[in-house]
Amino acid sequence: MKHWLPLLALLCLPALAGAAIVDGIAAVVDRYVITTSEVDELAALGDRVADGSAGKTRALEILIEKHLVEREADRLGVRVTPEEVERAVEDVRKRNNLGPDAFRAAIESQGLTYEAYLEEIASQIRRAKLASRVLRSRVRVSDEALREYYLKNVAEYRVADGVRLQHLPLPGAKGRAAAEAARARAGAGEDFGALVRELSPGTADGGDMGWLAPESLSAEVKAAVFGLAEGAVSPVVEMRGGFHLFRVAERRKGRVQAFEEVLDRLKDRYFQDQEEELYQGWIQSLKDSARIDRRL
């Protein structure tokens, strides 16, 4: 969600999960107290909020919203599994190109324990799950409105020309003769995937490269498979210090996907376009139903 601090942002809450000294009351939400130290810590993330009093005001609103959303999650029984937290943390770690030890050290260098960081990640996932559930339940969209939305965004649902290839790489040391022999075996009807597993056991998925756009192919590969029918095997291609064979597993012509084919994705996109407005209305309804005493 984009409405509070960025979901899963690395080192996003330097001390909020274990705030230390209480030096005043910034707000009371029903009976829940938000301290000025919590506000100061969040406002100190200067790239997330404005400077000075405006920054503290925004930080306070973020903390109020966080409490209200978490209280609603408690009420509705929204839960987060350890596996969800683990996947999220791994994603953050990999996107920041850090090993496990360096990742933990980076967190702890900000004065936040690793355990507290995991708790905050779990909290953010939980709030995002709740918001998604609540907001989606508020979207009431007719078939007519979805079809109109589809027509406005039809370019998003165009499938380009594509080819699905299987690839058999052979090192140069085996020579062209070995590649030609493999090609002859494929031409005689042997299963190409079985040939890949036999002759290039380190190649995954029987050499299946998946669907590829023609423009993504190198000049050598494009020339080798151009005009080949489905099931045909290319001539031997010499490149990158070895010899290669390519089999055309499937071809598809570009087309616009039908409304019925993309209906689920269409609903998701429609929801995302309305998400911000829906979220603000939902948060305001939570604030309206709470007794909030702001003291900043």
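**Close-up views of the predicted model**

**View 1. Arginine 126 lies in helix 5.** In this predicted model, arginine 126 has a relative accessibility of 16% and therefore counts as buried, the cut-off being under 20%. Once neighbours within four places in sequence are left aside, the contacts of arginine 126 are Glu70, Ala73, Asp74, Val78, Arg79 and Val80.

**View 2. The protein chain combines 10 helices with 9 strands.** The chain has 296 residues, of which 41% are buried. Among contacts with a separation of 6 or more, 72% join residues 24 or more positions apart. The accessible surface amounts to about 16,500 Å², and carbon and sulfur atoms account for 50% of that area.

**View 3. The largest nonpolar core comprises 37 residues.** Ile34, Ile64 and Trp282 have the most contacts inside this core. At least two core residues come from each of strand 1 (25–29), helix 1 (36–43), helix 2 (52–76), helix 5 (114–138), helix 6 (143–152) and helix 10. A second core, separate from this one, has 13 residues, including Ala179, Leu199, Phe243 and Leu245.

**View 4. Tryptophan 282 is among the residues with the most contacts inside the largest nonpolar core.** Tryptophan 282 is also one of the buried residues of helix 10. With residues up to four places away in sequence not counted, tryptophan 282 touches Val69, Glu72, Leu130, Ala131, Val134, Leu135 and Arg138.

**View 5. Helix 6 has buried residues on one side and exposed residues on the other.** The buried residues in view are Leu146, Tyr149 and Tyr150. These three lie on the same side of helix 6 because they cover an arc of only 105 degrees around the axis. Glu144, Leu151 and Lys152, on the other side, are exposed. The packing partners of the buried residues of helix 6 are strand 8 (255–256) and helix 10.

**View 6. Helix 10 contains a kink of about 55 degrees.** The kink is centred on glutamate 275, which is itself buried. Helix 10 runs over residues 263–288, and at 1.5 Å a residue its 26 residues should span 38 Å; the end C-alpha atoms are 35 Å apart, so the two values agree. Other buried residues of helix 10 include Leu266, Tyr270, Phe271, Leu278 and Tyr279, and, further along the helix, Ile283, Leu286 and Lys287.

Terms used:
Residues numbered from 1 in each chain as written. Predicted model: local features only at pLDDT ≥ 70, side-chain atom pairs only at ≥ 80, totals over all residues. Heavy atoms only, no water. Helix = DSSP H or I, 4+ residues; strand = E, 2+ residues; numbered from the N terminus. Expected span 1.5 Å × (residues − 1). Bend = angle between axes of the 7 residues up to and from the residue. Buried < 20%, exposed > 50% of the residue type's maximum accessible area, 1.4 Å probe, protein only. Contact = heavy atoms within 4.5 Å. Areas by Shrake-Rupley, 256 points an atom, 1.4 Å probe, with all protein chains shown as cover. Core = buried A, V, L, I, M, F, W, Y, C linked by side-chain atoms within 4.5 Å. Arc of directions from axis to C-beta.
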